[in-house]
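Colleague: Please take a close look at one salt bridge in this model and set it in the context of the rest of the chain. One connected account will do.

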Amino acid sequence: MNGSATRIPGRCAARSANTGARLFTETGTPAHGRRVAPGSTSRTGDHRLCLCGSLRALAVFGIVSMAWLGLLESAARGGEKDDRAGSTQVSPQALVDHARRELERYFRNQVAEIERTTRERLSAVRSAEDWRAVRARLRTELKDMLGLVDERLFDRKRPLRAVMTGRVTRDGVVVEKLHFQSLPHLYVTANLYRPEKVNGRLPGVLYVCGHGRVKIDGVSYGNKVHYQHHGAWLARHGYVCLAIDTIQLGEIEGIHHGTYRHGMWWWNARGYTPAGVEAFHAMRAIDYLCSRPEVDPDRIGVTGRSGGGAYSWWVTALDDRVKVAVPVAGITSLRNHVVDGCIEGHCDCMYPVNTYRWDFPLVSALAAPRPLLISNTDKDRIFPLDGVVAIYNETRRLYERLGMLKHIGLNIEEGPHRDTQQLRVSAFHWMNRFLRDVDELIRQPAEPLFTPQELKVFAKLPADEINTRIQEQFVPAHSMKLPEDRDTWEDAGRKLRQTLRDHSFGGWPAEEPTGVVHLTQNRQPRQPVRRILPRILPRLRQIPQPKAPPRLLQRTSTQRTLAGTVEEHPETGPAGSDDQKPRIEVQADGGRIQVRVQVGGRPVIANVPRKPGTVILRDVAEAGAEGLRIRLLQVQTQAAVSLPLVWLQRDTDEAGKQEGRGRRKVARGAPAGGLRLVVLDEARWDAARRALRTLLAGKPGPDASAPLWVRDLFGGADRVGGSSNRNGGSARTGGPPKPEGRGAEGWPKTVEQWKRWATDAPSGVALFAPRGIGPTDWGGDERFRTHIRRRFVLLGQTLHGMQVWDIACAMEAARRLAGRDAAPPVVVARGPMAVNTLYAQWMHPVASRLELDGPTATHADGPIYLNVLRHVDVPEAFAHVLTNVPIVLRSRDERLREYLTKAVGRLQLPADRLRWSE
């Protein structure tokens, strides 16, 4: 069993199918109504009783009817008012529940996308020649994701320095207690099982152990002791078996639970996973097995269960010396892990850093065409049956195309996640069949023969071991350098940008933000819909103007347009007149934008193919207060990711200008300057929310169709948990960064300061909250939030990396809001969000200036992007961005100040390119 044995009900229960499984438990219970069947028998002669009952029934019916009529009349007269009044009452938990539902939908979408690309990669294989080419590419990717990036790790001539510390014999089985060094001072403790009498060379089996802790009086004996019965059985039946300890549960106790339990998120930034060390140890163990004179190096098998099952996959995928593999309870689908929550039962050693966005059939496929038995139980809660079968089916199709169906098998036994005798029998039978070429009954059970004390390797642990700090050394870290000259630095920056796009931000959508579709509200209630729709979708051709009586479109079903189709759905008769205000609904997913406009009873639906990289910007509410015009918008950066953007401007209508003309001027911006875009962290969202609720107090609220966060700003309860900075905290400690004062951008604290701040910028100030902040904060305790972040990594993303994408989209939206004639936006942020903003500008240059307050000085402290510390750290990122945009920076970190001062001098940048703010 991996990680923690604690399970959350409904997350990943034992079942044969995951139909209807939900990631998050929602609050509230459905209301169930009961219908009472009418009719009851009575004696026919009792007319008086019948009459009384009828009169009583008529009276009740009349009262109920009048009540319903009253309710209907009230709704007809004041329904809109009641709806608006009730719409502002947003419960705190409703905001959290909505954010969690959207997050669940996002995870489902991402998993479906990865499943599709995985199927496409495997379906491209039609022959053994195709597979050789594909396999080489996949193996390179897997090495990278396991952190096996140093080619010297694959030098089989590197000395192992093996030492045998003792030997025990019982019932014809000899156990040699030994250790070797996979790297200098990186010890692997092991037991080697062999028959007492050896005739010729025997097949060898590597047994990699799962999470079976054996600890007595504070002394660890290694998980090899827990699984000793496997080695004993194999030795009794003519094998040499080497059972090795893992890092965390060996005699020297290292760490598997870096992100799971200890908040070591920098593992992701380094691209480190203990799965890589376990895979490396397994390959070095095969080096040792092949060096033994009693082992036939052409007959090597590998098996293990649970965590050992996972390590069996890694070594089989990477090492062709493995001829037969039986991973037991070590693999299931990405959907099980991410959507169904099985990741919460597994520690970090179970996963590669999923840089290339793999689903697990790509791991199992790398065993092809060698003999492979996938084995599991049917009630395993952390390796559910449906995911195991899905992995098998995908892998089987590949074996079938390679003409090697006889080499793949699926074994499902009854039981929970446990090392059962039935699972062992199947594994032993498969090994016999392909390593010893025998097909005989398994008559002897696998039983332990030795005490833990008899199998212990070290009497005293070595003082020079690096097992307890291998995470700091296994994956080489990037060494920071100062620029030599500007041309060389800019050339290196372009290459580095592409490297980061591929290896740190590979989970982004394929196309960078290249345009914005701004879906505006209908602010002129009597404007005909035939004029509104082309404004909503500028790329559509002008809809033909119909003759009287006015209609939205002719009844001919569909018209082709420049970018897609506009379709009329005549559901309830003729459309309303031009005097009716339309209802506009917008939906957008990865492939299309759908706009639904309804007047009277007839909807018109516009389906427009969504150009890759298109950002959807949608107006949702507007109000005037204290001389400010407050526009509430949503920025859709991906399917199921809609984020709040609040635009504060000087209210030009107050100066007596016409409504449409004044709005047009503000929307297009002023040539003197652009929009000031402020990227919020959790604490600043809370402060902004309080100020906005003060400004909007007493204003008419939006109707019930408005997003919950908009309705919340017009009234309602405070968020659960109050102010926090949970998504922007230190990666090492998990806690929030300490505030550094008011900040370079003069963060407002009063309504008057807000008013001045919003009116100083020519196009106003826009406040933007990336995912996980404010309305999309998922709540929950530290454990819950930890596993959300781990899910992102399993999708080839990080939460912070996707916040960078959100900020890039918001910058593009801010440029669109300010208008073509305005200067590019000035972008403001602080703390870890300042570094996110820095990378957003590097990856997608839009801003005219950055104003950054108190950024972290190293990615080891956050923000975390996959593999980033292999290539660059924060000070160098600043130096690269400074070559194309001015930065106003406030920081007390002496290392950052010293580095940037030297870098600016070497790059010979203008004096005002970097300005320090106190």
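**A salt bridge and its surroundings**

Modeller: Aspartate 712 and arginine 693 form a salt bridge through their side chains, with an N to O distance of 3.5 Å. The two partners sit in separate helices, aspartate 712 in H19 (residues 708-713) and arginine 693 in H18, so the pair ties together parts that are 19 residues apart in sequence. The model is a predicted one. Aspartate 712 counts as buried because its relative accessible area is 3%, under the cut-off of 20%. Arginine 693 has a relative accessibility of 18%, so it also counts as buried.

Helix H18 (682-695) also belongs to the cover of another helix, H20. In H20, which spans residues 751-760, the buried residues are Gln753, Trp754, Lys755, Trp757 and Ala758. Besides H18, what covers them includes the strands S19 (628-638), S20 (641-650), S21 (676-679) and S22 (765-768).

A second salt bridge starts from the loop that leads into H18. The side chains of aspartate 681 and arginine 830 meet there at 2.8 Å, N to O. Aspartate 681 lies in the loop between S21 and H18, while arginine 830 belongs to strand S23 (residues 826-830); with their positions 149 residues apart, the pair links distant parts of the chain. Both aspartate 681 and arginine 830 are buried.

For contrast, consider a pair within one helix. Glutamate 898 and lysine 902 form a salt bridge at 3.3 Å, N to O. Both lie in helix H25 (residues 894-907), and because they are 4 residues apart, about one helical turn separates them. Glutamate 898 has a relative accessible area of 46%, so it is partly exposed. Lysine 902, at 43% relative accessibility, likewise counts as partly exposed. Elsewhere, salt bridges with shared partners join Arg156, Arg284, Asp287, Asp319 and Arg321 into one network. The structure holds 55 salt bridges.

A buried charge need not have such a partner. Arginine 305, in strand S8 (residues 295-305), is buried but has no salt bridge. The nearest side chain of opposite charge is that of aspartate 419, 4.2 Å away, whereas a salt bridge requires a nitrogen within 4 Å of a carboxyl oxygen. Aspartate 419 is nonetheless among the residues in contact with arginine 305, once neighbours within four places in sequence are left aside. The others on that list are Tyr207, Val208, Gly210, Tyr227, Val328, Ala329, His417 and Arg418.

Across the protein chain, 58% of the 918 residues count as buried. The secondary structure comes to 25 helices and 26 strands. Among contacts with a separation of 6 or more, 74% join residues 24 or more positions apart. The accessible surface comes to about 38,400 Å², and carbon and sulfur atoms account for 51% of it.

There is also enclosed empty space: the structure holds 11 cavities of 30 Å³ or more. The largest has a volume of about 170 Å³. Its lining consists of 15 residues, and Thr259, Asn268, Asp348, Tyr351 and Val793 lie nearest the centre. Helix H7 (266-270) and helix H21 (782-794) each supply at least two lining residues, with H21 giving the largest share, 3 residues.

Key
Residues are numbered from 1 along each chain as its sequence is written. This is a predicted model: local features need pLDDT of at least 70, side-chain atom pairs count only at pLDDT 80 or more; totals for chains, interfaces and linings use all residues. Side-chain values use heavy atoms; hydrogens and water are left out. Buried means under 20% relative accessible area, exposed over 50%, partly exposed in between (1.4 Å probe, protein chains only). Lys and Arg count as positive and Asp and Glu as negative; His and the chain ends are not counted. Contact means heavy atoms within 4.5 Å. Accessible areas come from the Shrake-Rupley method with a 1.4 Å probe; for residues, only the protein chains shown count as cover. On a 1 Å grid over the protein atoms alone, a cavity is a set of points where a 1.4 Å probe fits but cannot get out, and a pocket is an open set with protein on both sides within 12 Å along at least five of seven lines; lining residues have an atom within 4 Å of a point. Grid points are joined across faces, edges and corners, and a volume is the space filled by probe spheres set on the points.
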